[in-house]
Amino acid sequence: MTIKKETVVIGGHLKARLAGTSVPFQKVGLVSSIQHATETNTLTLADTTTPQGGEYDSLDRVTGVTLSINFREIFTWVLAALVWGDTTTVAAATVTGELKVAAVDGTIVLDKMPLSISGVSNEAGDTEFDEFDDWVMTGSGIEVVSGGALEAAILAAGVTPYSVSVDYSSAKVDVIEALTNSGKVFEFIFEGENAAGTQKRVEARFFQCRLNPATQMDWLNTEDFGGFEATAKVLRDNTKVGAGTSKYFRIKKEVEAA
């Protein structure tokens, strides 16, 4: 009798679509781990037939099935799902004369994400300030350069708010407004391949998964690629009917042809 090895080293793609739809599944990007945990509650019946006690009977009941996923890419729709948010796309634009209160210290944040700034002037528009000498652009606006003409104008205004007028071109951006919904329910499918053991494919499909907000999100990490960790509760899918048919998830494991 041939002894088969069934050891496991699996890699593959996690894909998702909104539960209850029939559209194609979309890759969620690279994920570094997918862990499946089953939570149980144990019911026990004490053996009262002897004074020594013991268990007369025991039953484990499943109380929950959870997926823990570490997302390593942030496609817009995935990031929105991880923060229970909604997305809009804002087109690139040319902005003229956007007024902002200026201060010597701090960042003057513009309404849109600047791509390039063509001019900064006083509110009246009769005094122009020079880039690098008077101000510099940051990722979200401008900052005043120490010792420049803009700093001198702000200081000369004293307690009176000093406003600048900014002309700039903005970048096209996706805007994700966090915590604007109660979370979406997805259907997940994992297409994997085992590098060890049988060296065959495996497919795990979870029919209804309510994705929880990310428990950890790496916004600043220069030592490693960032990760976005989240869990999903596997819920009952009442559309799955028939004897021996799971309402929760299904696993397919490829085997040798006869």
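These exercises, each with a worked solution, concern a predicted model of one protein.

**Exercise 1. Overall dimensions**

Find how the radius of gyration of the protein stands against that of a compact globule of 258 residues.

*Solution.*
- Start with the reference. A compact globule of 258 residues would have a radius of gyration near 18 Å.
- Now take the model. The protein has 29 Å.
- Then check the axes. The C-alpha trace spans about 95 × 55 × 35 Å along the principal axes.
- Add the secondary structure. The protein holds two helices and 18 strands.
- Finish with sequence range. Take contacts between residues at least 6 apart in sequence: 67% of them join residues at least 24 apart.

**Exercise 2. Surface and charge**

State what share of the residues counts as buried, and describe the accessible surface and the charged side chains.

*Solution.*
- Burial: 31% of the 258 residues count as buried.
- Surface: the accessible area comes to about 16300 Å². Carbon and sulfur atoms account for 53% of that area.
- Charge: there are 22 positive and 34 negative side chains. The centres of the two sets lie 20 Å apart.

**Exercise 3. Two nonpolar cores**

Identify the residues with the most contacts inside the largest nonpolar core, and the elements that supply it.

*Solution.*
- Background first. In soluble globular proteins, nonpolar side chains tend to be buried together.
- The largest nonpolar core has 24 residues. Leu 67, Phe 71, Leu 82, Phe 188 and Leu 211 have the most contacts inside it.
- Next, the elements. Those giving two or more residues to this core are β1 (10–18), β4 (55–71), α1 (76–82), β14 (185–194), β15 (201–211) and β17 (228–234).
- Another core lies apart from this one. That second core has 16 residues, among them Trp 135, Ile 142, Ile 154 and Val 166.
- Zoom in on Leu 82. Leaving out residues up to four places away in sequence, Leu 82 touches Phe 71, Leu 211, Asn 212, Pro 213, Ala 214, Phe 228 and Ala 230.

**Exercise 4. A helix residue**

Decide whether Leu 150 is buried or exposed, then list its contacts.

*Solution.*
- Locate the residue. Leu 150 sits in helix α2 (residues 149–157).
- Apply the cut-off. Buried means under 20% relative accessible area. Leu 150 is at 0% relative accessibility, so it counts as buried.
- List the partners. Beyond its neighbours within four places in sequence, Leu 150 is in contact with Phe 129, Asp 134, Trp 135, Val 144, Tyr 162 and Val 164.
- Gauge a distance. Leu 150 and Ile 251 are 101 residues apart along the chain, and their C-alpha atoms are separated by 66 Å.

**Exercise 5. Three strand residues**

For Gln 26, Glu 39 and Val 90, give the strand, the exposure class and one C-alpha separation.

*Solution.*

Gln 26:
- This residue lies in strand β2 (residues 26–27).
- Its relative accessible area is 43%, so Gln 26 is partly exposed.
- Gln 26 and Tyr 56 are 30 residues apart in sequence and 50 Å apart in space.
- Residues up to four places away aside, Gln 26 touches Leu 14, Lys 15, Ala 16 and Trp 77.

Glu 39:
- Strand β3 (residues 31–46) contains Glu 39.
- Its relative accessibility is 32%, so Glu 39 counts as partly exposed.
- Thr 66 is 27 residues from Glu 39 in sequence and 8.0 Å from it in space.
- Thr 66 is also one of the contacts of Glu 39. The others are Arg 61, Val 62, Thr 63, Gly 64 and Lys 233, with neighbours within four places left aside.

Val 90:
- Strand β5 (residues 86–90) contains Val 90.
- Its relative accessible area is 27%, so Val 90 is partly exposed.
- Lys 112 is 22 residues away along the chain, with a C-alpha separation of 9.0 Å.
- Val 90 touches Lys 112, along with Ala 171, Lys 172, Val 173 and Val 175, not counting residues up to four places away.

**Exercise 6. Positive phi**

Determine where Trp 84 and Leu 179 sit, and give their phi values.

*Solution.*
- Recall the background. Most residues other than glycine have a negative phi.
- Trp 84 has a positive phi, near 50°. Its place is in the loop between α1 and β5.
- Leu 179 has a positive phi, near 55°. This residue is found in the loop between β13 (173–177) and β14.
- Check exposure. The relative accessible area of Leu 179 is 63%, so Leu 179 is exposed.

Methods. Residues are numbered from 1 along each chain as its sequence is written. This is a predicted model: local features need pLDDT of at least 70, side-chain atom pairs count only at pLDDT 80 or more; totals for chains, interfaces and linings use all residues. Side-chain values use heavy atoms; hydrogens and water are left out. Helices (H or I, at least four residues) and strands (E, at least two) are DSSP runs, numbered from the N terminus. The radius of gyration is taken over C-alpha atoms; the globule rule is 2.2 Å times the number of residues to the power 0.38. Buried means under 20% relative accessible area, exposed over 50%, partly exposed in between (1.4 Å probe, protein chains only). Contact means heavy atoms within 4.5 Å. Accessible areas come from the Shrake-Rupley method with a 1.4 Å probe; for residues, only the protein chains shown count as cover. Lys and Arg count as positive and Asp and Glu as negative; His and the chain ends are not counted. The place of a charge is taken as NZ of Lys, CZ of Arg, CG of Asp or CD of Glu. A nonpolar core is a set of buried Ala, Val, Leu, Ile, Met, Phe, Trp, Tyr and Cys residues joined through side-chain atoms within 4.5 Å.
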